[in-house]
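Please read the following walk through a single protein chain with its sequence and coordinates open beside the text.

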Amino acid sequence: MNKRNFIDEFLRHLKSLPAEEKEDIIQDFEEYFEAGQLEGKSEEEIAQSLGAPQKLAKDLHANYYVEKAKEDHSAGNIARAIWAVIGLSFLNLILVLGPFLAIAGVILSLWIVAASFIVQIVAALFKSLFQPELFHFFELFMSVTISGIGLLLLLVVYPITQYALKLFVKYLSFNIRIVKGGATYE
């Protein structure tokens, strides 16, 4: 496989990256090929030393989306990073998706509990408005207390969510290094 075939094959598997990112990568490959040719290697030898273009594209794809998730922890970036890392190996379907679903489930349940604690005071107020004969100050006191607990829970859940997202992105980076056998692309 010569340089042109290698780059074409590589680009075919790197469709979803932005054009300027692709140009940077292609520029790096061009320089790598030039340096190899100055050492007396043929284009085929250099292409072979780089490995399979498809695997290389998957690695770079995963690195790009994990780096993007490190900068911005939005749900879309996290989802794209997870999907790209899962694409590195079939085993990652279990090693990445399983922990993510477990962590996301716990955090989502904490958010739901906090929101339901806060919102339940509305039900107590409606009950006192539409059924005043059933109104008890103890119920209202308990509703205000539970709403306060819900607000305090929100103050705890938000930093836990932020920390869990950062930790999970680090786990994705760790997973990429493990899949690549400890090598890094910088």
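The paragraphs below go through a predicted model, taking up aromatic contacts, a helix and its surroundings, a pocket, a cavity and some single residues.

A place to begin is the aromatic side chains, of which the structure holds eight pairs. In one of these, the rings of Phe 10 and Phe 29 have centres 4.8 Å apart and planes at 85 degrees, and because an angle over 60 degrees counts as edge-to-face, this pair is classed as edge-to-face. Phe 10 belongs to helix 1 (residues 3-12) and Phe 29 to helix 2 (residues 19-38), so the pair ties together parts that lie 19 residues apart in sequence. Both partners fall under the 20% limit for a buried residue: Phe 10 has a relative accessible area of 0%, and Phe 29 has one of 8%. The pair also belongs to a wider arrangement, since ring pairs link Phe 6, Phe 10, Phe 29 and Phe 33 into a cluster.

Ile 7, which also lies in helix 1, adds an aliphatic side chain to this picture. With a relative accessibility of 0%, Ile 7 counts as buried, and, leaving aside residues up to four places away in sequence, Ile 7 touches Ile 26 and Glu 30. The C-alpha atoms of Ile 7 and Phe 29 are separated by 8.0 Å, although their positions lie 22 residues apart along the chain when counted as a sequence separation.

Further along the chain comes helix 5 (residues 75-86), whose twelve residues reach 16 Å from the first C-alpha to the last, close to the 16 Å expected at 1.5 Å a residue. Which residues of helix 5 are buried? They are Asn 77, Ile 78, Ala 81, Ile 82, Ala 84, Val 85 and Ile 86. As a general matter, an α-helix has 3.6 residues a turn, so residues three or four places apart point the same way. What covers the buried residues of helix 5 includes helix 4 (53-71), helix 6 (92-95), helix 7 and helix 8.

Leu 97, a residue of helix 7, gives a detailed view of one such meeting of elements. Not counting residues up to four places away in sequence, Leu 97 touches Ile 82, Ile 86 and Asn 92, and of these Ile 82 and Ile 86 are among the buried residues of helix 5. Leu 97 itself counts as partly exposed, at 28% relative accessibility. Its C-alpha atom is separated by 8.8 Å from that of Trp 83, which is 14 residues away along the chain.

Helix 5 also takes part in the second largest pocket, which has a volume of about 200 Å³. The elements that give two or more residues to the lining of this pocket are helix 5, helix 7 and helix 8, and helix 7 gives the most, with five residues. The lining residues include Ala 75, Ile 78, Phe 100, Ile 103, Trp 111, Thr 161, Leu 165 and Phe 168. By class, the lining of the second largest pocket has eleven nonpolar residues, one polar residue and no charged residues.

How many cavities of 30 Å³ or more does a search of the whole structure find? The search finds one, and the largest cavity has a volume of about 50 Å³. Its lining is made up of Ala 124, Lys 127, Ser 128, Leu 134, Phe 135, His 136, Glu 139 and Leu 140. Helix 7 (97-130) and helix 8 (137-179) each supply at least two of the lining residues, and helix 7 gives the most, with three. In terms of class, four of the residues lining the largest cavity are nonpolar, two are polar and two are charged.

Two further residues belong to these helices. Val 122, found in helix 7, is partly exposed, with a relative accessible area of 40%, and Val 122 and Pro 159 are 37 residues apart in sequence and 26 Å apart in space, C-alpha to C-alpha. Ile 149, whose place is in helix 8, is likewise partly exposed, with a relative accessible area of 43%. From C-alpha to C-alpha, Ile 149 and Glu 45 are 66 Å apart in space, with 104 residues of separation in sequence.

Conventions: Residues numbered from 1 in each chain as written. Predicted model: local features only at pLDDT ≥ 70, side-chain atom pairs only at ≥ 80, totals over all residues. Heavy atoms only, no water. 1 Å grid on protein atoms, 1.4 Å probe; cavity = no way out; pocket = protein on both sides within 12 Å on 5 of 7 lines; lining within 4 Å. Points joined across faces, edges and corners; volume = space filled by probe spheres on them. Helix = DSSP H or I, 4+ residues; strand = E, 2+ residues; numbered from the N terminus. Nonpolar A, V, L, I, M, F, W, Y, C, P; charged D, E, K, R; others polar. Buried < 20%, exposed > 50% of the residue type's maximum accessible area, 1.4 Å probe, protein only. Expected span 1.5 Å × (residues − 1). Contact = heavy atoms within 4.5 Å. Phe/Tyr/Trp six-rings, centres within 6.5 Å; stacked < 30°, edge-to-face > 60°.
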